[in-house]
Amino acid sequence: RNEGQWPRVELAKLDPAVRTAFEQLCAAAASNDDDGPLQPIEEHDTLRALKARKLNLPRTLGWLAAHRRWWKEKQPREMRFISKADAGVKLMYGSGMARWFALDKHGIPFFYADLKGWAPHLVSCADHTNFAISGLELMREAARQFCPGAPEYGAVIDIESWALWHVNYIFYILDFFLMFIEHYPQCVSRIYLLNAPPLFAHAWKIIRRGLDEWIRERIDFVTDGEIYAGYFLERFDAADLFSNLGGTRGPIELEEKRVPGFWNQPGTDIEPDLLFDWRKKPLPRAIQQLRSEAKEQAAAGEMACETAERKRVKMPPDSAGGGALQMLLEAPADKGNCAAGGAVFLEMCVAQAVYMRHEKKSSSWQRCFPDASRAWVTPPVRRWIALSPEAEADQAAAGLLSAMERASSCRLRLEADEWSVSLCIVIVDHLKREVHVARSLEVQRYEATEAKCPYDVP
């Protein structure tokens, strides 16, 4: 497709019920004096959001309004131009983790990533998410140019290098998926995760709870044996596959200096002198300078966000973490995603505590979280985990339900319904299996008050 030409939704190919709902949605959007009718770039995303919300028109209109506000604030289409990116985004690209891969036999673009290049410890969570947005927009542009139908894209990710220390940054992954599910709905064709080590099993239990059903159904775990049996040859031409994926493409391309190397997208590659291997110390002088700049930008951004958030929810000064988590849970459009976010976060707490204790880096629960994630730890979470050394599983479940009942009077108006019971099961399961770890962490009880935590929400 030519520059600026976007594939349009073909109404004749839609199911009658979907077509009727989408036409009503388009008419409602056109009557909005502020934002106006759907633009070509919005059509497929809006249609997918409508399907994800089971053709619920009011909810989809609410999503559209929130999505357009996010679009104006972030300007994601500009974020694919790496030369204009923040220092943290350049750092993530410079690590060489992700690059252009190939078009499959159906014309769907894929990117390739190797986890051994992942360097989340060098950047803030916000920079990591912005890096992901930049990559998504590169993929969106590739899909605009090459996809024969609705824009969609996929990924081939080698996770063989997943290590224990990566648990420290699971919340980076979760923050990305919260954004991805909300603003890039149902755009995944396929995600292939290669050579998952046994250590990844526990992390996957956490990560999968942050995904919607659409994405979970499109993730395939692939082993080396399957690769060399020709697994990818059904979807890709051999000339497009690297040799480690069963093709004839030379592995030397994985070491080339053009990153991420997308077709027909000038101005989107990182400067060659900013490519580096984070495992080799000391880091190059240019990278050290870039990292220092990224820290300064992250600190300024966090201060601005915290100030704006305190003004918005009128949080008292002694509850710095409450605002950040409240904003996280308010971001999803429906209660089901809020439930998933709460369950994921609480599982992450346990996993992170287990990791830190295993590494003997801390003997205290409160010191088990790095500075970047400490803002996520709210008084209710501290209190719930504090139950584990002394409480039986059923008492812990009762405490969780009680907390959710109290939360029903707060902004989210949570109810002790099916998903809250599921959330209790998640935590109780961890209490049963990890109670010996919790006892060894010297947990101190934390009694939250309304003054310290006005929103008693997980």
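In which sense of crossing, left-handed or right-handed, does helix 2 pass helix 3? The crossing is right-handed, where right-handed denotes that the near helix is turned clockwise from the far one by less than a right angle, and left-handed that it is turned anticlockwise. The structure is a predicted model, in which local features need pLDDT of at least 70 and side-chain atom pairs count only at pLDDT 80 or more, whereas totals for chains, interfaces and linings use all residues. Residues are numbered from 1 along each chain as its sequence is written, and side-chain values use heavy atoms, with hydrogens and water left out.

The protein chain contains 17 helices and five strands, these elements being DSSP runs numbered from the N terminus (helices, H or I, of at least four residues; strands, E, of at least two). Of its 458 residues, 52% count as buried, a class defined by under 20% relative accessible area, with exposed meaning over 50% and partly exposed in between (1.4 Å probe, protein chains only). Among contacts in the protein chain with a separation of 6 or more, 75% are accounted for by residues 24 or more positions apart, contact being defined as heavy atoms within 4.5 Å. The mean pLDDT of the protein chain, that is, the predictor's confidence in each residue on a scale from 0 to 100, is 75, and 66% of the residues score at least 70. Over residues 312-398 the pLDDT is below 50, although this stretch has 178 contacts in the model beyond near neighbours in sequence. A pLDDT under 50 is also found over residues 403-458, for which the model has 116 contacts beyond four places in sequence.

Two helix pairs near the N terminus were examined through their axes, which are lines fitted to C-alpha atoms over the stretch in contact, with angles running from 0 to 180 degrees between N-to-C directions. The axes of helix 1 (residues 16-30) and helix 2 (residues 40-52) come within 11 Å and cross at roughly 120 degrees. Helix 1 and helix 2 are therefore oblique to each other, given that angles under 35 degrees count as roughly parallel, over 145 as roughly antiparallel, 65 to 115 as roughly perpendicular and the rest as oblique. Their crossing is right-handed. On the side of helix 1 the contact is made by Val 18, Ala 21, Phe 22 and Leu 25, and on the side of helix 2 by Glu 43, Thr 46, Leu 47, Leu 50 and Lys 51. These residues divide into six nonpolar, one polar and two charged, where Ala, Val, Leu, Ile, Met, Phe, Trp, Tyr, Cys and Pro count as nonpolar, Asp, Glu, Lys and Arg as charged, and the others, Gly among them, as polar.

Helix 2 also packs with helix 3 (residues 57-74), at an angle of about 140 degrees and with the axes 10 Å apart, and this pair is likewise oblique. From helix 2, Ile 41, Glu 42, Asp 45, Thr 46, Ala 49 and Leu 50 meet Thr 60, Trp 63, Leu 64, Arg 68 and Trp 71 of helix 3. By class, this contact has six nonpolar, two polar and three charged residues.

Further along the chain, Asn 130 lies in helix 6 (residues 125-146) and counts as buried because its relative accessibility is 12%. When residues up to four places away in sequence are not counted, Asn 130 touches Lys 74, Met 79 and Val 89. Phe 177, in helix 7 (residues 170-183), is also buried, at 11% relative accessibility. With the same exclusion of residues up to four places away, Phe 177 touches Ile 207, Gly 210 and Leu 211, and its C-alpha atom is separated by 9.3 Å from that of Asp 212, which is 35 residues apart from it along the chain.

Backbone geometry was also considered. Most residues other than glycine have a negative phi, and most peptide bonds are trans. Asn 195, in the loop between strand 4 (188-194) and helix 8 (200-207), nevertheless has a positive phi of about 55 degrees and is buried at 14% relative accessibility. Asn 264 likewise has a positive phi, of about 50 degrees, but counts as exposed at 57% relative accessibility. Asn 264 is placed in the loop between helix 10 and helix 11. Pro 260 lies in the loop between helix 10 (224-228) and helix 11 (285-313), and a cis peptide bond with omega of about 0 degrees joins Val 259 to Pro 260. The peptide bond from Lys 281 to Pro 282 is cis, with omega near -5 degrees, and Pro 282 has its place in the loop between helix 10 and helix 11.
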